[in-house]
Amino acid sequence: MDDERRSLLLKFSTLFPPPPGVKLSYGTAGFRADASILQSTVYRVGILAALRSLKTKSVIGLMITASHNKVSDNGVKIADPSGGMLSQDWEPFADQLANAPDPETLVSLISEFVKKEKITFDRAHPAEILLGRDTRPSGESLLEAAKKGISSIVGAVSYDMGILTTPQMHWMVRARNKGLKATESEYFEQLLSSFGCLMDLIPNKSNINEIEDRLIVDGANGVGGEKLEVIKKNLNGLVIEVLNSGKEGGVLNEGVGADFVQKEKVVPHGFGSNHAGIRCASLDGDADRLVYFAVPPNNSSKIDLVDGDKILSLFALFIKEQLSILEGDAKGKNNYRARLGAVQTAYANGASTAYLRSLGLEVVLAPTGVKYLHEKAAQYDIGIYFEANGHGTILFSEHFLCWLESKSQELSSSSEGSELQKAALRLSAVSKLINQAVGDALSGLLLVEAILRHMGWSIHQWNALYEDLPSRQLKVKVVDRTAVVTANAETVAVKPPGIQEAINVEIAKYPHGRSFIRPSGTEDVIRVYAEASTQEAADSLANSLAEIVDRFLGFRSSQ
């Protein structure tokens, strides 16, 4: 790295000293902390984004958001060229950058990394970074820090895309690197046209009349509610009412949002008995999670939750139906049996896994974290992944989409292929409606609504696909969480020796018992998950595992 670049880095770095005594780590959600201590980190992630752009010779995204965290928090994350998350290979370097104690150390780290990665500086092909932020008040000042970080790399260019949902940013990066237009208006147009196509292809239009045409959405007082207000004006066949849009003065994620609804299983602020019987949904703070729910008619605060597992099941059922139609084409010259798979974590309810397998799907487990699920789903022609918290999407392989296009052309010339052609068109529309870069609550919501109308189902019929097994989650504080090492997608504890054998003994005592432990990624706690045939049994099994953790690791408290 030449003297000009070193000098510029040193000059800007002195403006953003790291907060003393703070150590941050880049995880699935990027860096997150109280917004008051994040300026230095966001500045340095700006540098990271510029270097990533130079290395990949692609457009990179930088998003300032803390999703479902409280409003005083904020965070920053990178969107890679595919629209996915930052490559895990670069996470250690991200940590080093964020925690470098002074400008000299920072510049030295960058210089060594540039040399190691063989990153070249070409003024004819500068780094390009798209910038976005959510509605948090701290976003504006942190965005300026990111811009300074990007401009610390000579020739790097940033484009402020404004206030966005996180999935919009990932979508834009993916589109730009495919050579497509990547504005917010293009994003909205793709969602609306794909949704319209699915609505036009509903086989029995009378089904629609049997479904409540109104959907009430909890916007978490965040950016998703704001964007949904734009989308709903252009929808045909669906009336959306947005509560907690942020305009009413509510606080982001406080008693609202998908994370709150899924964990607490209670109605979010603003919902009550007047919404009983109406389909309801909840977005999280930056609109990458989605859950549905029904408000009971008895004034209870408890809800009938339809979580990410059931969203996955609905999508799988619909896609399986369309593939079955296409695979039944006995006269077709261009037939192909697509490989359809579902990817879950160990936290997925056992009843959902059993249901998916009953459909004939291949179901695999991945470690907790969207990046692991996404990677597994990409191995299929059509891979669907969802976490119970409502974060997930559907991935279509390029090979399958090419086949689907050629199949559609073949069917368009056949008078006998109307139903087959409709199935092909539906799958094509799904591939355009769903955000293949990352989980997207807005695109997911539109797909759910189209499929419910296709099926002629109410939310109660959807929820009745299967009955969840009762479960319980606990956190057990320990001195050293790294003492627990897991394998098989976190379902088996291989260290400390003997702990899994003790767990197996407890599980065997309960009908439909299933349980596992895993270390937290951020705090010194061991997480316990237990399932059984009754709630009392699930609670008992979870408490038994907490006692085992105590015995092996030194128990301090649980909650």
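Ser67 is buried, with a relative accessible area of just 2%. In this predicted model, that residue also has a backbone quirk: its phi is positive, about 50°, although Ser67 is not a glycine. Its place is the loop between strand 2 (59-64) and strand 3 (73-79). Asn488 makes a handy partner for the story. Its phi is also a positive value, near 50°, and Asn488 is likewise a residue other than glycine. Asn488 sits in a loop too, the one between strand 16 (485-487) and strand 17. Here, though, the setting is exposed, with a relative accessible area of 55%. One more backbone oddity turns up further along: the peptide bond running from Lys495 to Pro496 is cis, and its omega is near 0°. Pro496 belongs to the loop that links strand 17 (492-495) and helix 18 (499-507).

Stepping back to the chain as a whole, there are 19 helices and 19 strands. The radius of gyration comes out at 24 Å, close to the 24 Å that the globule rule gives for 559 residues, so the chain is as compact as a globular protein of that length. Along the principal axes, the C-alpha atoms fill a box of roughly 70 × 65 × 50 Å. Of the 559 residues, 56% are buried. Among contacts with a separation of 6 or more, 72% are between residues 24 or more positions apart.

Helix 15 deserves a closer look. This helix covers residues 418-433, which is 16 residues, and from first C-alpha to last it reaches 22 Å, close to the 22 Å expected at 1.5 Å a residue. Plenty of its residues are tucked away: Leu420, Ala423, Ala424, Arg426, Leu427, Ser428, Ala429, Val430, Ser431 and Leu433 are buried. What lies over them? The cover for the buried residues of helix 15 includes helix 7 (184-200), helix 11 (308-327), strand 14 (392-396), helix 14 (398-412) and helix 16 (441-455).

Helix 15 also shows up in the walls of the second largest pocket, along with helix 6 (166-177), helix 7 and helix 14, each supplying at least two residues of the lining. The volume of this pocket is about 550 Å³. Its lining has 21 residues, and the closest to the centre are Gln190, Leu401, Ser431, Lys432 and Gln436. Ser431, then, is both one of the buried residues of helix 15 and one of those closest to the pocket centre. The top contributor to the lining is helix 14, with six residues. Sorted by class, the lining is a mix of eight nonpolar, six polar and seven charged residues.

Then there are the enclosed spaces: three cavities of 30 Å³ or more were counted. The largest cavity has a volume of about 60 Å³. Its lining is made of Arg5, Leu54, Phe121, Asp122, Arg123, His125, Pro126, Ala127, Ile153, Val154, Gly155 and Ala156. By class, that gives seven nonpolar, two polar and three charged residues. The second largest cavity has a volume of about 40 Å³. Around it are Tyr26, Gly27, Thr28, Gly30, Lys77, Ile78, Met85, Leu86, Glu91 and Lys371. In this lining, four residues are nonpolar, three are polar and three are charged.

Note on methods: Residues numbered from 1 in each chain as written. Predicted model: local features only at pLDDT ≥ 70, side-chain atom pairs only at ≥ 80, totals over all residues. Heavy atoms only, no water. Helix = DSSP H or I, 4+ residues; strand = E, 2+ residues; numbered from the N terminus. Expected span 1.5 Å × (residues − 1). Buried < 20%, exposed > 50% of the residue type's maximum accessible area, 1.4 Å probe, protein only. Contact = heavy atoms within 4.5 Å. 1 Å grid on protein atoms, 1.4 Å probe; cavity = no way out; pocket = protein on both sides within 12 Å on 5 of 7 lines; lining within 4 Å. Points joined across faces, edges and corners; volume = space filled by probe spheres on them. Nonpolar A, V, L, I, M, F, W, Y, C, P; charged D, E, K, R; others polar. Rg over C-alpha atoms; globule rule 2.2 N^0.38 Å.
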